[in-house]
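Student: I keep meeting labels for helices and their packing. Can we take a few of them apart?

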Amino acid sequence: MHGDWVCGVYEYFKAIFLGIWSTLVGMRITMARFFDYVKDPLYQGVTVQYPTERWKVAEGYRGMLFNDIDDCIVCSQCANECPADCIIIDAEKAAKGEDLGKTSNGTPKKIKAWRFDIDLNHCLYCGLCTEVCPTECLIMTDAYDYATYSRDGLYLLFARPEKYTTAPAGASPAASPAPEAKPA
Amino acid sequence: MFALAEALKMDLIPAGLALFAENVTLIGWALVALAGGLVFANGIILYRLKTMGPTLPRMGNTIQLFTLQLMPPALGRLLLLAQTGAILACVGMAVPMLMAVPVPAFLSAGWIVPRVQAIPTWIVVAIIALVVCKALLGLMSVYVMASGWVERKVSAHMQDRLGPMYVGGWHGWAQSIADGIKFILKEDITPAAADRFFFKLAPYIVFAGAFAALAALPWTDLVSSREIANLQEAGKPLPPGVIAADLNIGILYILGVTSLGVVGIIMAGWASNNKWSLLGAMRSAAQIVSYEIPVATALLCAVVMSGSLSLVDIVRDQGTRGEILGWYCWPWVNPFMGIALLIYYVGALAETNRAPFDIPEAESELVAGYHTEYSGLRFSFFYFAEYVNMYTCSVLASCCFLGGWYPNFGSPILGAAVLGGKALFLVFVMMVLRWTLPRVRVDQLMYLCWKVLLPWALVCLVGTTVWVVARG
Amino acid sequence: MEILERTSDVMVINMGPQHPSTHGVLRVELKTDGEVILEATPHLGYLHRDFEKHCEAVLWGGVIPYTDRMDYVAAMNNNFGYCLAVEKLLGTEIPERASVLRVLVSELNRIASHLLAFGTYGIDIGAFTPFLYAFREREMILDLFEHCCGARLTYNYIRIGGVSRDLPPEFEPKCRRLVRTMREAIPEYNNLLSYNQIFVARTRDIGVIPAELAIAWGCTGPVLRGSGVKWDLRKDEPYSIYPELQFEVPVGKGEVGTVGDCWDRYMVRLREMEQSVDLVEQCLDRLKPGPVMAKGTRSVKPPKGEVYHRTETPRGELGFYIVSDGGKKAYRCKVRSPCFCNLSILSEIAPGHLIADMVALIGSIDIVLGEVDR
Ligand code: SF4
Ligand code: SF4
């Protein structure tokens, strides 16, 4: 019993002492940071004043998708690979004798895309589509701030059917307004 | 009361002071009247506000309502709210003013006096009170805004952030002003299930409670410590300090009115009809009621040392002991006062609901505690009250333990700066503590109060008394 | 009987789904007597996105970005678990460099995840500053990930057969700097929070989970180790290159209170961070040039069969049970989620604590609702 009592008193004073001591230790850390915040070069880059200063993204950043449609051979591999089904392609074989030109690496184009849409609302930014693209025309840019006022702003239309000489049956050659995404 | 007011009108300073000294019991009644008046005035104003909303154009033709008609109703109501807060604070201040007004000397001279005497007494008093109140309100608004900004910057830099950087250009100095405007423009929401009357009343009570304490806070002194010593030797009366109301029960008054705030907090928590708010309010009641005791006991040590409850006297006593070496907190003046300062400071943190004792508003547990449901201007009243309370506590600590406005070398301006500096430093320490420490739990808070702070505060009190008696 | 004896009414409080400390959209229905909890019932499902059904609809490789979204705080570890399961089905050999890289990034992600757990636990207890210190270091890790895979949160880096890209040259020096920084930072965290007397008082003897109870409820990860059970799949059922690496498995020892209290679980995470820093350094030393992707894993068709593979994520044992019918897509995929199992113990240990302890309790279990609900 006697021992318990002594132990209790010891604990009581120890708790008071530790309480004050650990507060001082904590304050030493926070105050040190407070005073040498400006001096410490290691952590200077944490805060970026966003709209005026811009974050420099790393090489190979996976941002907004972009398709250089002139290089696209419309092989539809990207659409097949996409896990979110957000690449929508409507394509047609070129007519006999019709020359659709060549891609920048010399591959002749054989298919024309009436529609090549990417619905970024559904996109996972996984980059699988860009990895399978044989001509590397579909890339992920380093754009990362693309907030828009409506969802249509994130529905990207890449096809330019007005360049083709023949129109598909029953379709207007003008770029169609954003239709709903349909399963590929 | 009327005798007092009559005397005030006839012979402003000496008779007022004399009567005041004789009628200490009056002060007790005045405190009761203060509380009653607060509730009553709020009731009237809130009733009018309530009826005014949709029928604003039909209301009478006073200037205020006329201007209100011209404004968009929401803005008008909010301005009225702000006004109400100010008026209430004034009412809170008027009572102590009634009791001991050091009216500026010019009122008693020349042609003013007869004209002043022709005015009904209560108007004179009310005008003076209003002027002082408005001045204090302005000062405190500046202080609250500045310290709000400083707190953000301090916390940000402690945490390797920058804090606000945009508004106003240089390091976001105008952020608090922008916030203030935002508070006013925000929609004033009362939850549908809330007890509307008390929900709206609560912020004013908290605000008035915090603000009324300023009446008895000293700012600086007009004479140097040497002159005071000389006057004391000659047995002459001392000139008043720079203080809105030099009560001879200053400390008691401050402790009394600051604890009015807890009524508002409970009211807010109850009336919000939100369980988190209610829990916050209950915690707050337990906390503030408990911590009053060690805080008051610690302050009593200073009272024992100086033999006076008036803050001006307490500070002057330290000045006459030595402008720097005579502060009560030094071990050679009294070995117990240092501990008492620590106890007071910890208790004050709890009384102002600052971390690590911010359990009534613990945001990670109770969402936002008692002010969960408040928005806009009403929320800003709570915010305002918190900062004013911090300042009050810091000034009290500076006055009772850290030598108040000394060393001031006889200059009132320097004295004000020194006192302000000490108080703001203590506020700064509060901020650092807030951003360093985790929050304690309710039962630990009670343990700390009843088993640690209170016994040691009593030890300090007894020790101080013995020390004073032993040293004569 | 208990209810009859009480003099006051029972108050029902909804903690969540919008509450600062439920770490997402968890709703806990509390029955309290004043502030004392009598009953706590977690309600789940607010973040359900049907991961398992998705797996049946997308290609084998396309599942990986969806695993990122389960435990979004430790996405690398989720990628890793899924890929290992599919590779087990396929029987693929992984190139040496790819294996090292996988362990490297998943240990980095373990540090990032524990940093978040540490920081948010500080906030739960009321200390805001440790959170931002933790984020400062976590930011460096996210930068590293951005360099190696181009994304900061949903990496899709570990693929079936290897990893998606090789490291850029600036990765290694930055990573070594991170190792140095972390070694300085962890003692700082300990001083600032772990041994702070208020923090200790808040977490000691709170939410004690005895070892048998933890095992009975299927707890894994730091929750199980906090109760003193030395069980870490990296040691006990090693996968990838873990058998070749040296590290300790920290367990709760009840230094400040009872074994298995909140402080133990918290401390296990901090100690694991130290171990992970060592592992990262060992991986960096082992990096040799070589391919990072096995051949023929572009579009896989695992043979008919089923497989269960479990890995140790920062939150515990993450298991993937996958059935293949030999097609391009999975026939069935079932996830054994560590957070879900850990969370289930809440209703068992919460009664009798205060509401403030409830916050400490949820924080110490360290759930990520994305994984609980999937
Ligand atoms: S990034 Fe992924 S989700 Fe987005 S379009 Fe490409 S494959 Fe589809
Ligand atoms: S994979 Fe590349 S080339 Fe093929 S359709 Fe897609 S974008 Fe065009």
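Tutor: Sure, starting with angle names: under 35 degrees counts as roughly parallel, over 145 as roughly antiparallel, 65 to 115 as roughly perpendicular, and the rest as oblique. Keep in mind that this is a predicted model, where local features need pLDDT of at least 70 and side-chain atom pairs count only at pLDDT 80 or more. Residues are numbered from 1 along each chain, and chains are lettered from A in the order in which they are written.

Student: Why are α17(B) and α18(B) called oblique to each other?

Tutor: Helix α17 (residues 376–401) and helix α18 (residues 412–434) of chain B pack at about 120 degrees, axes 8 Å apart. That angle falls in none of the named ranges, so α17(B) and α18(B) are oblique.

Student: What makes residues of α17(B) and α18(B) "meet"?

Tutor: Contact, meaning heavy atoms within 4.5 Å. Among those in α17(B) are M390(B) and Y391(B), while α18(B) brings residues including L419(B) and K422(B). By class, this contact has 12 nonpolar, two polar and three charged residues.

Student: How do you know that the length of α6(C) agrees with its residue count?

Tutor: The expected span is 1.5 Å times one less than the number of residues. Helix α6 (residues 129–149) of chain C has 21 residues, so it should span 30 Å, and its end C-alpha atoms are indeed 30 Å apart. Just after α6(C), G150(C) takes a positive phi of about 90 degrees.

Student: Why is α6(C) called largely enclosed?

Tutor: Buried means under 20% relative accessible area (1.4 Å probe, protein chains only). In α6(C), 19 of the 21 residues are buried, so the rest of the structure largely encloses α6(C).

Technical notes: Heavy atoms only, no water. Helix = DSSP H or I, 4+ residues; strand = E, 2+ residues; numbered from the N terminus. Buried < 20%, exposed > 50% of the residue type's maximum accessible area, 1.4 Å probe, protein only. Axes fitted to C-alpha atoms, helices over the stretch in contact; angles between N-to-C directions. Nonpolar A, V, L, I, M, F, W, Y, C, P; charged D, E, K, R; others polar.
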